[in-house]
Amino acid sequence: MTSYIGAVDQGTTSTRFSIFDKTGRIVAWDQKEHRQIFPKPGWVEHDPEEIWRNTQDVIKGALAKGGISGRDIAAIGITNQRETTVVWDKRTGKPFYNAIVWQCTRTHEICRKLIADGGTDRFREKTGLPVAIYFSGPKISWILDQVPEARKAALEGNALFGTMDSWIIWQLTGGPDGGAHVTDVTNASRTLLMDLKTLSWDPGMLAVLNIPHPMLPKIVPSSDEHYWGLTDPLGPLSAAVPVCAALGDQQAALVGQTCFTPGEAKNTYGTGAFLLMNTGEFPIVSRHGLITTVAYQLGSEKPCYCLEGSISISGALVQWMRDNLGLISTSAEIEDLAGTVADCGGVYFVPAFSGLFAPYWRSDARGVIAGLTQYAHKGHLARAVLEAAAYQVRDIVEAMEKDSGVKLTQLKVDGGMTANALLMQIQADILNVPVIRPAVTETTILGAAYAAGLAVGFWNGKNELCQYWSVDRVWNSKKAESERESGYLQWKKAVSRTLDWVD
């Protein structure tokens, strides 16, 4: 009998493979970073072939570290950085261009023209999304417009588009030799091309962006008992493991946090930060700058929807402090440096490096450090970095409460930055609700494992998964209301200073 579930987490900076037992515990894992490519200011690319090589390496590495055979793996699920876009030749598997990463600003002009013809919200009723550089559709359009070989292949039926889930699944299940070209509903809902209600590609959106329909993957459930193909993790024929689950990384974290009840919310602190609230079987169209998206679809069940607030720069700001300013030598040092001061000393850092995402959606914004005086020193700047992460989350919560009519009473948190206890306390202070960290904080890859396990009967249902979720630590607010509101007012003032920077 197979004993484990495997999951690939193809993230913005690295790719990981983890192996889980029946209780959701990680028994082995391996991870490799990939290059961040910056051809121009604001442009961000990845090499898809490097990521595929790394995926193969970490699968083999995790199995070797755990002394586990491919035959012991019941199924494999995928979770991925969302919106990052690849177009490749289905005959050779060669990308026509590097992957354009979700953070990339190069589609600003495409989006500007779309907005000029109907406003930021012209497609929101159908897709749940504003027109923004964030999403995949304009990135596909850019590749087809700028790479003649890609447009020619697309018109001839030889080009395939995918977000990173599609790219990895296609490769795992055979690549040019019959690989499955699919994407799950959560990733499809991030393209600006899918109708939220029908869960199908919208012909009108394809026409607007001049994207040929045949290059798009088949849209499938997030957890699919009709698995998409078999993979042989250790080669040749040591095993034939079903590949049967995929979730965009933030939706995977929602599943990993077992937020299966409408009103439950989680925030993931990674390169960016992403707050999702389960809204049940019906999509709520946001009127306050949030995204309406698919939360998950498990097998033949109806899809579940959520409201999402997306923040571009969160943990990436700590990395910027480390790599660009050299004020810290490791990311973990930010906590001690910020802890040398009692407050931010009037300094506010708005990291609009590639514009502002939710709830503002301003690609013209750029980062500012406001409130500097001779009193301020590196401790205050470090504190302002952590407060920036927390204030951006409050912006999202305020919008989410207006859209949903539901008052947030607690926030489940996950991601690498939750190891920073000072940040978690700052977050509780700024939101004035308990901040709850689970015992297993790697909830993104856990969610992908859960989806794969449900598809093959490794777990019996959502209720069984809820039994394995447990609390590690809770932070409660220690800040007076007047101090909390005064700080937030200053934050909003700093945000206003970032706008209209790019003409």
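Q: Which residues does G453 touch, not counting residues up to four places away in sequence?
A: In this predicted model, G453 lies in helix 14, and at 0% relative accessibility it counts as buried, the limit being under 20%. Leaving aside residues up to four places away in sequence, the residues that G453 touches are I5, F458 and W459.

Q: How far apart in space are G453 and G77, C-alpha to C-alpha?
A: G453 belongs to helix 14, and this helix lies across strand 1 (4-10), strand 2 (14-20), strand 5 and strand 14. Along the sequence G453 and G77 are 376 residues apart, yet in space their C-alpha to C-alpha separation is 8.2 Å.

Q: At what angle do the axes of helix 9 and helix 14 cross, and what does that make helix 9 relative to helix 14?
A: The contact is made on one side by D249, A252, A253, V255 and G256 of helix 9, and on the other by T443, T444, L446, G447, A448 and Y450 of helix 14. The two axes come within 6 Å and cross at roughly 80°. Angles of 65 to 115 degrees count as roughly perpendicular, so helix 9 is, relative to helix 14, roughly perpendicular.

Q: Which strands stand at the edges of the open sheet of 6 strands, and why is one side of each left without a neighbour?
A: The strand order in this sheet is 3-2-1-5-14-13, with mixed pairing. Each edge strand has a single partner strand, so one side of each is left without a neighbour in the sheet, and the two in question are strand 3 (26-33) and strand 13 (229-231).

Q: Which residue in strand 14 stands opposite G229?
A: Strand 13 and strand 14 (residues 241-248) run antiparallel and are joined by 3 bridges. Within strand 14, the residue standing opposite G229 is V243.

Q: What angle does the direction of helix 9 make with that of strand 14?
A: Helix 9 (residues 249-256) packs on the sheet of 6 strands, where it touches strand 5 (73-80) and strand 14. The direction of helix 9 makes an angle with that of strand 14 of about 100°.

Q: Which strands of the open sheet of 7 strands does helix 9 lie across?
A: This sheet has the order 17-18-16-15-21-22-23, with mixed pairing, and its edges are formed by strand 17 (291-296) and strand 23 (471-475), each with a single partner strand. Helix 9 runs at about 55° to strand 17, and the strands that it lies across are strand 15, strand 16 (273-280), strand 17 and strand 21.

Q: In which sense do strand 15 and strand 21 pair, and which residue stands opposite K266?
A: Helix 12 (residues 378-404) lies across both of these strands, and also across strand 16 and strand 18 (304-311), running at about 145° to strand 18. Strand 15 (residues 265-269) and strand 21 (residues 411-414) pair over 3 bridges in the parallel sense. The residue in strand 21 that stands opposite K266 is K412.

Q: How many residues of helix 4 are buried?
A: The buried residues of helix 4 are S136, G137, P138, K139, I140, S141, W142, I143 and L144. They pack against strand 6, strand 7 (99-100), helix 2 (108-116), helix 5 (148-155), strand 8 (159-163) and helix 8 (203-209). Helix 4 (residues 136-146) is thus mostly covered, and of its 11 residues the number buried is 9.

Q: Is the aromatic pair of W88 and W167 stacked or edge-to-face?
A: The structure holds 22 aromatic pairs. For W88 and W167 the distance is 5.1 Å centre to centre, with 70° between the planes; since planes over 60 degrees apart meet the criterion, the pair is edge-to-face. The pair links distant parts of the chain, W88 being in strand 6 (residues 85-89) and W167 in helix 6 (residues 164-172), 79 residues apart. To return to the class of this pair, it is edge-to-face.

Q: Why does the pair of W167 and W170 count as stacked or tilted?
A: W167 and W170 both lie in helix 6, 3 residues apart, about one turn of the helix, and both are buried. Their ring centres are 6.4 Å apart and their planes are at 20°, which falls under the limit of 30 degrees, so the pair is stacked.

Q: At what distance from the ring centre of F274 does R82 lie?
A: F274 is part of one aromatic cluster with W102, Y134, F135, F357 and W361. R82 lies over the face of F274, and its distance from the ring centre is 5.2 Å.

Technical notes. Residues numbered from 1 in each chain as written. Predicted model: local features only at pLDDT ≥ 70, side-chain atom pairs only at ≥ 80, totals over all residues. Heavy atoms only, no water. Phe/Tyr/Trp six-rings, centres within 6.5 Å; stacked < 30°, edge-to-face > 60°. Helix = DSSP H or I, 4+ residues; strand = E, 2+ residues; numbered from the N terminus. Buried < 20%, exposed > 50% of the residue type's maximum accessible area, 1.4 Å probe, protein only. Lys NZ or Arg CZ within 6 Å of the ring centre and 35° of its normal. Contact = heavy atoms within 4.5 Å. Pairing = 2+ DSSP bridges. Axes fitted to C-alpha atoms, helices over the stretch in contact; angles between N-to-C directions. Parallel < 35°, antiparallel > 145°, perpendicular 65-115°, else oblique.
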